Amino acid sequence: ANIDLPVHATLSLATVDIFQKPDELDVKQVTFRITVTPYDGTLTSTGVNEILDAAAEKSRSTIDAVRV
């Protein structure tokens, strides 16, 4: 599950919350905190969105997750 990051950057992922409605046992809402740390420059909003889009697509294709 690789995501292309800028050279000299790290990505960390933490689960913040998991919620499941009692009447929707087949659906869970999971909130993640994603931190991207570049060590050789400043990321632009375009660069960050590309990383988030890639992460969302990987999640969709592997575990059928939907980005909201």
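## A question to begin

Which exposed residues does the face of α1 turned away from its buried side carry? That face carries S45 and E50. The rest of this report builds up the surroundings of that helix, working from a predicted model.

## Overall layout

Let's start with the fold as a whole. The protein has one helix and two strands, and along the sequence these follow the pattern β-β-α. Of its 68 residues, 6% count as buried. The accessible surface comes to about 5,700 Å², and carbon and sulfur atoms account for 52% of that area.

Contacts tell you how the chain comes together. Taking the contacts between residues at least 6 apart in sequence, 42% join residues at least 24 apart.

## The helix and its two faces

Helix α1 covers residues 45–63, which gives it 19 residues. From its first C-alpha to its last it reaches 26 Å, close to the 27 Å expected at 1.5 Å a residue. The buried residues of α1 are G47, I51 and A55. Viewed down the helix axis, these buried residues fall within an arc of 75 degrees, so they line one face of α1.

What do the buried residues of α1 pack against? Their partners are the strands β1 and β2. On the face turned away from this buried side sit the exposed residues S45 and E50. Just past the helix comes D64, which has a positive phi, near 60 degrees.

## The strands and a nonpolar patch

Strand β1 spans residues 9–19 and strand β2 spans 29–38, and each of them supplies at least two residues of a nonpolar patch. The patch lies on the surface and is formed by L11, L13, I18, V30, F32 and I34. Together these residues have about 530 Å² of accessible area.

One of the patch members, I18, lies in strand β1. Its relative accessibility is 55%, and because exposed means over 50%, I18 counts as exposed.

V16 also has its place in strand β1. With 44% relative accessibility, V16 counts as partly exposed. Leaving aside its neighbours within four places in sequence, V16 is in contact with T31, F32 and R33. V16 and F32 are 16 residues apart along the chain, yet their C-alpha atoms are separated by 5.3 Å.

## Salt bridges

How many salt bridges does the structure hold? There are two. One of them joins D53 to R67, with the closest N and O atoms 2.6 Å apart. This pair links distant parts of the chain: D53 belongs to helix α1, while R67 is in the segment after α1, 14 residues apart. Both ends of this bridge are partly exposed, D53 at 43% relative accessibility and R67 at 45%.

In the other bridge, the side chains of E57 and R60 meet at 2.7 Å, N to O. Why are E57 and R60 separated by about one helical turn? They are three residues apart in helix α1, and that spacing is the reason. E57 counts as partly exposed at 40% relative accessibility, and R60 is partly exposed as well, with a relative accessible area of 43%.

Note on methods
Residues numbered from 1 in each chain as written. Predicted model: local features only at pLDDT ≥ 70, side-chain atom pairs only at ≥ 80, totals over all residues. Heavy atoms only, no water. Patch = residues over 30% accessible without salt bridge, like charges linked within 9 Å, V, L, I, M, F, W, Y side chains within 5 Å. Areas by Shrake-Rupley, 256 points an atom, 1.4 Å probe, with all protein chains shown as cover. Salt bridge = Lys/Arg side-chain N within 4 Å of Asp/Glu carboxyl O. Helix = DSSP H or I, 4+ residues; strand = E, 2+ residues; numbered from the N terminus. Buried < 20%, exposed > 50% of the residue type's maximum accessible area, 1.4 Å probe, protein only. Expected span 1.5 Å × (residues − 1). Arc of directions from axis to C-beta. Contact = heavy atoms within 4.5 Å.
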